[in-house]
Amino acid sequence: MAGLYWLASYPKSGNTWLRVFLANLRSASTQPLSINALNTNTMAGNRHRLAEVLGFDTSDLTAEELDRLRPAVYRWNGTRDVVQYSKIHDACLSEAWVAPAYVAGTLYIVRNPLDVAPSCAHHWNCSLDEAIVAMGSAQTNLGGSTRGIGTQVRQQLRSWSGHIASWLDTRGAPLHVIRYEDMHQQPLDTFAAAARFLGLPCDVENLQRAIRFSAFGELASQEASSRFVEAPASGQRFFRRGECGGWRDTLSVGQVRRIVADHRAMMARFGYLDDALSWIAAQARP
Amino acid sequence: MIRLLAGAPGLAELVGSPSLFLLQVIFMTDLTPHSLLTRNPDLVAAGMNGDIVMMSIERGLYFGISGVGTRIWELLEQPTRVEALAQAIQAEYDVDEATCQQDLLVFARELIKHGVVTVATAG
Amino acid sequence: MTATPLYRAYQLLIASDCPLPELAAADASDAAIDVRIVFGDVGEGADHGRRQIGPYAWCAADELWLDVPEIGRFLVQQGQRITVQVQPGADLDSVRLFLLGSAFGALLAQRGLLVLHGNAVRIGDQCLICVGTSGIGKSTLAAGFLKRGYNVLADDVVPVDANCQAIPGFARVKLWRDSAEQLGVDTEQLERLRPGLNKFSYPLGARFESQALPVRWVYVLDKDILEQPQFSPILGMQRFLTLTHNTYRKRFIAGMGRQAEHLTRCGQLADSAHVVQLLRPRAGFDVEGLIDAILADVQQRV
């Protein structure tokens, strides 16, 4: 029985928010769950978990060798007669990563790259321009240092567009795509469809409870009173703004042009292009 | 006083079984002060910095006992009647008879439920 | 005919067809061989009724069959014998890394030792073991201790016996390029552990502690959003969970039927050593500061 569901996205695209929602949905709790109660063990890039299943040290392997071995680990995890929801930021590297034999489905979240860029810049502690360049490059990785190792393994992202294409275009398990903006603007429909796809309760009452308990205000206030384990090492906040369209106040015309140039086709595909183009045009008017 | 060590990181792998949460429904015999409690010989137990951790080899489950429960476990080295346990605990700890009896019965039921001890009511 | 080369490590006399240059060579003696390492065909994982415990690992009572794809396959038996099957095209350096890692880890567990994943450092007449999840900074910390003049008993695979003594391994520490720079060591002078990896073999020489020492402190390294390192004692049954989580390749323990012994050993260690969680600040890695803090903590926890 295929038991693994991927919760896949480019970084800073709503993956954590979705996982908080799912955790609250699956729990009968009458209170919002702690944001630190998310199980980080099931993340695809968790080095410790990979080594445990492999039976040998990942730190004695190159990142390329490890990428060749990872599908076998996920296949093992996904065939244990237990359903798992696993966050993954890697681009989908091959059909082996979405084999229906062990992957029950991929839930993929897309967010407007104009909002992703400032969020990445903040989380990666780099400039906006550096984040935009990284998002446009097919060579961008998470945790790619070869001089040492971290608790997460190297994860190949490809470009923002390349990341989406890799998950949407690789043949394999069923795929369901949701937009971050729809999680905000049409929460009940969007989260209901996601829950249904993942084989979870989708009665209105439960959904509304889980939506309420994972609302941005709740997450930010939890983080204000106690640190979030997935926050950036720099000590800054993880749940910062969580809004849509903040890019209009943050990006310059040149930066928006750059992102559109890098990702035009994918932006059009997901309904982000028209707004970007009208905004650019509007800035030109005196 | 007794904890099923379930779901803790790493234990699932150690046990070699994916499902730690399966607890058998144990038929609850009537527990009286006269009941004789015997440690389940299937268990391996180890002192753990004041607490006790035990493992059921057969079922692949781990349990932890802390506090007064550790003394009760110690007393169960030989099969012992509930009333004898109560007497010993009352002598060693600052607790009144009624509370002691009651808490002991609750604890004993937990031990039985988890298969840590078996109970005989034969006179 | 030349005799099989002899080596000494973990208080064992090892006869190995596979060269083990990191280990101390032993003179031919009348003493009984404890462990034999041979090259050979290990068959398939599922042979002989072994049970699969992972995509590349099969176990039976005191037996482990492990496949490290593209590199080698290992059959570890009864704490006495390791058969190594080198994959076509694999280099011996790579094979040896996993032989000295997972294969030896399983062997030592089969010999009844509690094997922890970390490193052991001599402090006075006792020893401190640093454990923690992969990538948390154990090796970097060990490098820091070396720089301060402390000796290392074992790196990566740390066996503890029934008397709660850490058993010395061999005189080599594996260092990432970053850790080496921390130590002020020029990696140009060091041998790469295997091709393609910026990880190096650092010979300890006189800095290798060849005596078994009582374990007095186990520090469990982790990181959090903090200004200063933070020490919290781990007490009672929680010690079992901690020691289990940091057991070397703990998945093998169940497969090889060694759970009962593992529990007993953890109990012995939990009763005789301090077990302390050490949270280091996530931002940056001030190794010097962390070692200062550990040494101060060690003074308080005698």
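Trainee: How many bridges join E17(C) to strand E19 of chain C?

Mentor: Keep in mind that this is a predicted model. E17(C) and E19(C), residues 274-281, run parallel. One opposing pair is C:Val218 and C:Val275 of E19(C). The number of bridges joining E17(C) to E19(C) is eight.

Trainee: Which residue is the bridge partner of C:Ile129 in E17(C)?

Mentor: C:Ile129 takes us to strand E11 of chain C, residues 126-132, which is joined to E17(C) by six bridges. These two strands run parallel. Within E17(C), the partner of C:Ile129 is C:Val218.

Trainee: Does strand E13 of chain C run parallel or antiparallel to E17(C)?

Mentor: E13(C) covers residues 165-166, and two bridges join it to E17(C). In one of the pairings, C:Ala166 has C:Leu213 of E17(C) as its bridge partner. The direction of E13(C) against E17(C) is antiparallel.

Trainee: How many of the 12 residues of E17(C) are buried?

Mentor: A residue counts as buried when 20 or more other C-beta atoms lie within 10 Å of its own. E17(C) spans residues 213-224, and it is largely enclosed by the rest of the structure because enough of its residues pass that test. The buried count for E17(C) is nine.

Trainee: And helix H4 of chain C, how many of its eight residues are buried?

Mentor: H4(C), residues 238-245, is mostly covered. Its buried residues include C:Arg239, C:Phe240 and C:His245. The buried count for H4(C) is eight.

Trainee: Moving to chain A, which helix gives the largest share of the side that touches chain C?

Mentor: In this contact, 29 residues of chain A meet 27 residues of chain C. Two elements of chain A give two or more residues to that side: helix H2 (47-54) and helix H3 (63-77). The largest share is six residues, and the helix that gives it is H2(A).

Trainee: How many residues on that side of chain A are charged?

Mentor: The side of chain A that touches chain C has 11 nonpolar and 11 polar residues. The remaining class, charged, has seven.

Trainee: What is the radius of gyration of chain A?

Mentor: Chain A has 13 helices and six strands. For 286 residues the globule rule gives 19 Å, and the chain comes close to that, so it is as compact as a globular protein of that length. The radius of gyration of chain A is 19 Å.

Trainee: Which strands stand at the edges of the open sheet in chain A?

Mentor: The sheet has four strands in the order E2-E1-E3-E6, with parallel pairing. E1(A), residues 4-9, pairs with E2(A) over five bridges, and A:Leu7 stands opposite A:Lys87 there. An edge strand has a single partner strand, so one side of it is left without a neighbour in the sheet. The edge strands are E2(A) and E6(A).

Trainee: Which helix lies across E1, E2 and strand E3 of chain A?

Mentor: The helix covers residues 15-26 and runs at about 145° to E1(A). Its name is H1(A).

Trainee: Is the crossing of H6(A) and H12(A) left-handed or right-handed?

Mentor: H6(A), residues 160-169, and H12(A), residues 253-269, pack at an angle of about 35°, with axes 8 Å apart. Among the contacting residues are A:Trp160 of H6(A) and A:Met266 of H12(A). By class, their contact has four nonpolar, two polar and no charged residues. The crossing of H6(A) and H12(A) is left-handed.

Notes
Residues are numbered from 1 along each chain as its sequence is written. Chains are lettered from A and ligands numbered from 1 in the order in which they are written. This is a predicted model: local features need pLDDT of at least 70, side-chain atom pairs count only at pLDDT 80 or more; totals for chains, interfaces and linings use all residues. Two residues are in contact if their C-beta atoms, placed from the backbone, lie within 7 Å. Ala, Val, Leu, Ile, Met, Phe, Trp, Tyr, Cys and Pro count as nonpolar, Asp, Glu, Lys and Arg as charged, and the others, Gly among them, as polar. The radius of gyration is taken over C-alpha atoms; the globule rule is 2.2 Å times the number of residues to the power 0.38. Two strands pair if DSSP finds at least two bridges between them. Axes are lines fitted to C-alpha atoms, for helices over the stretch in contact, and angles run from 0 to 180 degrees between N-to-C directions. A crossing is left-handed if the near helix is turned anticlockwise from the far one by less than a right angle, and right-handed if clockwise.
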